[in-house]
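Colleague: Got a minute to go through this model with me? I'd like to talk helix packing, then pockets.

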Amino acid sequence: IAFTTVSITICLLTMTLILAYRNHVLIQGISMFFSILSLFGFLLLIGSSYFYIIDKPDAAVCTARMWFAPIGYGMAIASIGAKIYRLYRAFGANSPQAKELSNCQLSLFSSGMFGAVLITLVIEQAISPSGPKTTEVEDESANKIVTFHHCSWDMGFYFAKVSVLAFLTLLTTKLAYDSREAPIQYNEAKELGMALYTAVIAFLVGVPIIYWLRENDEYGVLRISAVMFTVILPTLMIGFLFFYRIQCAVRGITVDQFDSNVARRIRINIPDDQKGKQTKTTKQSSSNYKRSPAQIRRQPSVSERQL
């Protein structure tokens, strides 16, 4: 309970700092509306862990367990996807045409992603709703029967929900990769990469563990694993997504200083013969920080220049 409360506090503090420094250019560059919406989704995901702490769940608690975690993560990843899709359409290497999208247009894109999660949950609720269940398991080491109070859930729908959420995560990761050449004040490639890779690893590790625990009637460990998944994953993603820019805004770091720090870190990891090109690119990116995505035109490719 204490760890969950700390994670909720971190989420609320992050939300407060984004609103407090909303006029800073580094915060404006990350689509504040969708950033707040993603934090609200993370808040629901973290809050869903409280339902797993209840020892004897009733029908309402079982329904909340089934809905809150997928809804929270779905809202977060759909909001992040909307942020990335805006960059992809403006600066993406594979985008058909550079175009700046409004929040209303991006909300339609985000609603489509979130709608896939919602439809899956509605179908599950109609066909196989979750409910309280009691299971008796023989403890051979203690030579006694242990009674577990838990919620029933269909494994087919479990994998369906995981598949939808994993697909949305991979789609967002692909869009983030294609948008990695965006100007520095909009570019969240590193932050998003760390957050999304963390989510992918969590899916690859957590899903098989939860399946194995459920199939082997390890309900006590299953509850602990569910709490850890719904608390640790969003907390790490919040840190990767927002910590660096927020601390820059709090310290009053300008875009030029931010650009210089990023450029210096990049030059450390590139060959010597490429450093001159990298310096030229970062200077050009810094000169564009006062312009909107629609005003910054994507540079022509090599084939376009040859034509």
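**Helix packing and a pocket**

Modeller: Sure. This is a predicted model. Helix α3 (residues 32–47) packs with α9 at an angle of about 160°, and their axes are 8 Å apart.

Colleague: Parallel or antiparallel, roughly?

Modeller: Roughly antiparallel, because the angle is about 160° and anything over 145 counts as such.

Colleague: And which hand is the crossing of α3 and α9?

Modeller: Left-handed.

Colleague: Which residues of α3 and α9 meet?

Modeller: From α3, Ser35, Ser38, Leu39, Phe42, Leu45 and Ile46. On the α9 side, they meet Thr230, Val231, Pro234, Thr235, Met237, Ile238, Leu241 and Phe242.

Colleague: How many of the residues in that contact are nonpolar, polar or charged?

Modeller: Ten are nonpolar and four are polar. No charged residue takes part in the contact of α3 with α9.

Colleague: OK, pockets. How much space is in the second largest pocket?

Modeller: About 290 Å³.

Colleague: How many residues line it, and which lie nearest its centre?

Modeller: The lining has 13 residues. Nearest the centre are Ala202, Gly206, Met228, Phe229 and Ile232.

Colleague: Which helices supply at least two residues each to that lining?

Modeller: α8 (189–215) and α9 (219–251). α8 gives the most, with seven residues. So α9 turns up in both topics: it packs with α3 and helps line this pocket.

Colleague: What's the make-up of the pocket lining: nonpolar, polar, charged?

Modeller: Ten nonpolar and three polar residues, with no charged ones.

Definitions and conventions
Residues are numbered from 1 along each chain as its sequence is written. This is a predicted model: local features need pLDDT of at least 70, side-chain atom pairs count only at pLDDT 80 or more; totals for chains, interfaces and linings use all residues. Side-chain values use heavy atoms; hydrogens and water are left out. On a 1 Å grid over the protein atoms alone, a cavity is a set of points where a 1.4 Å probe fits but cannot get out, and a pocket is an open set with protein on both sides within 12 Å along at least five of seven lines; lining residues have an atom within 4 Å of a point. Grid points are joined across faces, edges and corners, and a volume is the space filled by probe spheres set on the points. Helices (H or I, at least four residues) and strands (E, at least two) are DSSP runs, numbered from the N terminus. Ala, Val, Leu, Ile, Met, Phe, Trp, Tyr, Cys and Pro count as nonpolar, Asp, Glu, Lys and Arg as charged, and the others, Gly among them, as polar. Axes are lines fitted to C-alpha atoms, for helices over the stretch in contact, and angles run from 0 to 180 degrees between N-to-C directions. Angles under 35 degrees count as roughly parallel, over 145 as roughly antiparallel, 65 to 115 as roughly perpendicular and the rest as oblique. A crossing is left-handed if the near helix is turned anticlockwise from the far one by less than a right angle, and right-handed if clockwise. Contact means heavy atoms within 4.5 Å.
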